[in-house]
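Hi everyone, thanks for making room for me on the agenda. I'd like to talk through some helix packing and then the empty spaces in this one, so please have a look at the structure first.

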Amino acid sequence: MGSGWHEWPLVLFTVLGQCVVGGVIVMGMAWMSASNNSELQNKIVRSMFFLWVIMGVAFVASIMHLGSPLRAFNSLNRIGHSALSNEIASGSVFFAVGGFWWLVAVMKKMPAALGKVWLVVAMLLGLVFVWMMTRVYQIDTVPTWYTGYTTLSFFMTIVLGGPLLGAMLLRLVNYPLAGTKLATLSVLALLVTVGVIVLQGFSLSGISSSIQQASALLPDYAKLQVWRIVLLALGLGCWICPLARRLPPSTVTLLAGFVLVVAGELIGRGLFYGLHMTVGMAIAG
C-alpha cells in the first residue's frame, strides 16, 4: 500500500534515464544540424555535459537500489538471459558510448563524418536502453505491470521530459531553436499519457487475485494522477506560453518547466511501483 515511493532509487533511475535519452536525441539532432558552425557545435557539446551528469545521478540511484556496486557487477552475469542484466548492460553501453563521444568531441578530436555516425549509434542505444527497461517489468505474474501501458508510459517519458531538457540546454548556448515542433510533440505525449492514465485506471478494477484487488492497492491513485497531469501541463506550459506569444522562452523558464515535468513523472512512476502485486491465482478480466 502507498504511493510506491519506497522504490525511490528505481523511480529516479527510470525517469531521469528516460529524460536523458530524449535529451541526447534532441541535442544530437541540433549538433548535426549545426554542421556548418563549428563554434556553435562546440557550445552544444559543452552543454551536453549536464546530460551525462544527470545520467550519472540516475546510475548512482540504481546502484543504491541494488545495495552495493558489487551487486551491480554481479547483475551482469546473465546478459541475454535476464531482463535485469540486459537493462544494466544496455544502459552502461549507452552511457559509455555517448559519454566517450562527448569526451572526444569536447576535446575537438572528433572527425565530422565519424562524429555523426557515432552520435546516431548513441541515440539508438538510448532507445534500446529504454526498451530493455520495459522488459524488466513485463512479468506475467505481475498483471498490473504486464501490459502495453508500461512500455508506452516509459517511452512517453522520453518525449515529455527529453525535448524540454534538450531545449533548456540549447537555450543556454543560444541555439536558434526555431518553431514549435518539439513542444507540440511533447503536448501530444501528454495527451497520450492522459489516455494511458484513464484506460489503465479502468483496467485496474478487472485485475485481482484471491487476496488482492488491484484497484485497492493505491487508494489515492486518481488524486495523485490528477496532480501528475497538472504538473506536466504546467511544466509544458512554461515552454509553450512564450512560444505562443512569439517569444523565446528563457533558460530559467525552461528549467522550471523541466523540474515540473520531472516531478509529475516521478509521481507517475511512484504509482507504477505502488501497483506491484504478485499473484499465484490471478483473475484478470
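Let's begin with H1 and H7, keeping in mind that this is a predicted model. H1 covers residues 8-33 and H7 covers residues 148-172, and their axes come within 6 Å with a crossing of roughly 55 degrees. An angle that is neither under 35, nor over 145, nor in the 65 to 115 range counts as oblique, and H1 and H7 are therefore oblique to each other. The hand of the H1 and H7 crossing is right-handed.

Who makes that contact? On the H1 side you'll find Thr14, Val15, Gln18, Cys19, Val20, Val21, Gly22, Gly23, Val26, Met27 and Ala30. Facing them from H7 are Phe154, Thr157, Ile158, Gly161, Gly162, Pro163, Leu165, Gly166, Leu169 and Leu170. Sorted by class, the residues in this contact of H1 with H7 come to 13 nonpolar and 8 polar, with no charged ones.

H7 has another partner to show you, and that is H9. Here the axes come within 11 Å and cross at roughly 30 degrees. Since angles under 35 degrees count as roughly parallel, H7 and H9 are therefore roughly parallel to each other. This crossing of H7 and H9 is left-handed. The contact involves Leu160, Pro163, Leu164 and Ala167 from H7, together with Leu232, Gly235, Leu236 and Trp239 from H9. In class terms, the contact of H7 with H9 has 7 nonpolar residues, 1 polar and no charged. If you like following single residues, Pro163 of H7 is in the contact with H1, and Pro163 is also in the contact with H9.

Now a quick look at H5 and H6, which are residues 83-106 and 112-136. Their axes come within 8 Å and cross at roughly 160 degrees. Angles over 145 count as roughly antiparallel, so that is the label for H5 and H6. The H5 and H6 crossing is left-handed. Charged residues do turn up here: the contact of H5 with H6 has 17 nonpolar, 6 polar and 2 charged residues.

On to the empty spaces, and I'll take the pocket before the cavity. Which residues lie nearest the centre of the largest pocket? Those are Ile25, Val26, Met29, Leu182 and Leu185, out of 16 lining residues. Val26 is one we have already met, in the contact of H1 with H7. The volume of this pocket is about 310 Å³. H1, H7 and H8 each supply at least two residues of its lining, and H1 gives the most, with 6 residues. By class, the pocket lining has 14 nonpolar residues and 2 polar, with no charged.

And the enclosed space? The structure holds 1 cavity of 30 Å³ or more, and the largest cavity contains about 170 Å³ of space. Its lining has 18 residues, with Ser153, Gln200, Arg228, Gly268 and Phe272 nearest the centre. H7 appears once more: H7, H8 (181-204), H9 (221-244) and H10 (251-274) each supply at least two residues of this lining. What is the mix of classes around this cavity? It divides into 8 nonpolar, 7 polar and 3 charged residues.

That's my tour, and I'm happy to rotate the view to anything you'd like to see again.

Definitions and conventions:
Residues numbered from 1 in each chain as written. Predicted model: local features only at pLDDT ≥ 70, side-chain atom pairs only at ≥ 80, totals over all residues. Heavy atoms only, no water. Axes fitted to C-alpha atoms, helices over the stretch in contact; angles between N-to-C directions. Helix = DSSP H or I, 4+ residues; strand = E, 2+ residues; numbered from the N terminus. Left-handed = near helix turned anticlockwise from the far one by under 90°. Contact = heavy atoms within 4.5 Å. Nonpolar A, V, L, I, M, F, W, Y, C, P; charged D, E, K, R; others polar. 1 Å grid on protein atoms, 1.4 Å probe; cavity = no way out; pocket = protein on both sides within 12 Å on 5 of 7 lines; lining within 4 Å. Points joined across faces, edges and corners; volume = space filled by probe spheres on them.
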